[in-house]
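Let's walk through this fold together, one piece at a time. Keep the sequence and the 3D view open side by side as you read.

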Amino acid sequence: GKRSFSCRIKDFAVIDKDYYYFNIPCGDFTGALGTTTDERKNPLYWGGYSENHTQIRLVLPPSFQNVVITPQDVNWTQPSGKGELVSRKSVNPDRSITFNYTVNLMPDVIPPEKYKELKDLSKTLYHSAMTTVLLKK
């Protein structure tokens, strides 16, 4: 199914002189991989499906016209090729930014030699750079 809602959040951002910054709520995307250890000697078993699509459209304030920092795009495919994590953003002509986050992970067995790739991506997803937006007047 599909759930949709709209909201206005008072004091959602921080204003610091000529800068305006905030963190976007990107749903289950940043924690989708759930890695907990630094390394593995045995394969990692994913026993279930994880599917979610989140779209966030933020209308930018008219006094802050310059987009300085936005989260990076991500396009990762499971080592088996079965599933993916994708994030995309676009700055729209109406001065809004649209963020699309797709989690489509399939049951899988991740070999230990592929775990470092998974762990590195997980660190990237958890980093504040994946949720921070900075605007300038």
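**A sheet and its salt bridges**

Start with strand β4, which is joined to strand β8 (residues 96-105) by 10 bridges, the two running antiparallel. Strands here are DSSP runs of E with at least two residues, helices are runs of H or I with at least four, and both are numbered from the N terminus. Two strands count as paired if DSSP finds at least two bridges between them. If you want a spot to click on, take Gln-55: its bridge partner in β8 is Asn-100.

Before going further, a word on what you're looking at: this is a predicted model, where local features need pLDDT of at least 70 and side-chain atom pairs count only at pLDDT 80 or more, while totals for chains, interfaces and linings use all residues. Residues are numbered from 1 along each chain as its sequence is written, and side-chain values use heavy atoms, with hydrogens and water left out.

Now zoom out from that pair. β4 and β8 belong to an open sheet of four strands, in the order β4-β8-β7-β6, with antiparallel pairing. The edges are β4 (50-59) and β6 (74-77), each of which pairs on one side only. From one strand to the next, the twist averages 10°, with axes being lines fitted to C-alpha atoms (for helices, over the stretch in contact) and angles running from 0 to 180 degrees between N-to-C directions.

Move across from β8 and you reach β7, which pairs with β8 over eight bridges, again in the antiparallel sense. Leu-85 stands opposite Val-103 of β8 here. β7 and β8 make a hairpin with four residues between the strands, and Arg-95 in that hairpin takes a positive phi near 65°. On to β6: four bridges join β6 to β7, antiparallel once more, and Asn-75 stands opposite Val-86 in β7. This pair is a hairpin too, with six residues between the strands and a positive phi of about 85° at Gly-81 in the turn.

What lies across β6 and β7? Helix α1 (residues 115-126) does, running at about 155° to β6. Contact, wherever the word comes up, means heavy atoms within 4.5 Å.

Next, the charged pairs. Side chains of opposite charge can pair when their charged atoms come close. The rule used is a side-chain nitrogen of Lys or Arg within 4 Å of a carboxyl oxygen of Asp or Glu, and by that rule there are three salt bridges.

One of them joins Asp-94 and Arg-57, with the closest N and O atoms 2.8 Å apart. Asp-94 sits in the loop between β7 and β8, and Arg-57 in strand β4, so this pair links distant parts of the chain, 37 residues apart. Asp-94 is partly exposed, at 43% relative accessible area; the cut-offs are under 20% for buried, over 50% for exposed and partly exposed in between, with a 1.4 Å probe and protein chains only.

Another salt bridge brings Asp-73 and Lys-89 together at 3.3 Å, N to O. Asp-73 is in the loop between β5 (66-69) and β6, and Lys-89 is in strand β7, so the pair ties together parts 16 residues apart in sequence. Both residues are partly exposed, Asp-73 at 37% and Lys-89 at 28%.

There's also one within the helix, between Asp-120 and Lys-116 (2.8 Å, N to O). These two are four residues apart in helix α1, which means about one helical turn separates them. Asp-120 counts as partly exposed at 34%, whereas Lys-116 counts as exposed at 55%.

Go back to Asp-94 for one more partner. Its side chain makes a polar contact of 2.5 Å with the side chain of Ser-96. A polar contact is a pair of N or O atoms within 3.5 Å; within protein, one must be able to donate a hydrogen and the other to accept it, and residues adjacent in sequence count only if both atoms are side-chain atoms. Is Ser-96, in strand β8, buried or exposed? Ser-96 counts as buried, at 0% relative accessibility. Leaving out residues up to four places away in sequence, Ser-96 touches Arg-57, Leu-58, Val-59, Leu-60, Ser-90 and Val-91.

Finally, the whole chain: it has one helix and 10 strands, and buried residues make up 35% of its 137 residues.
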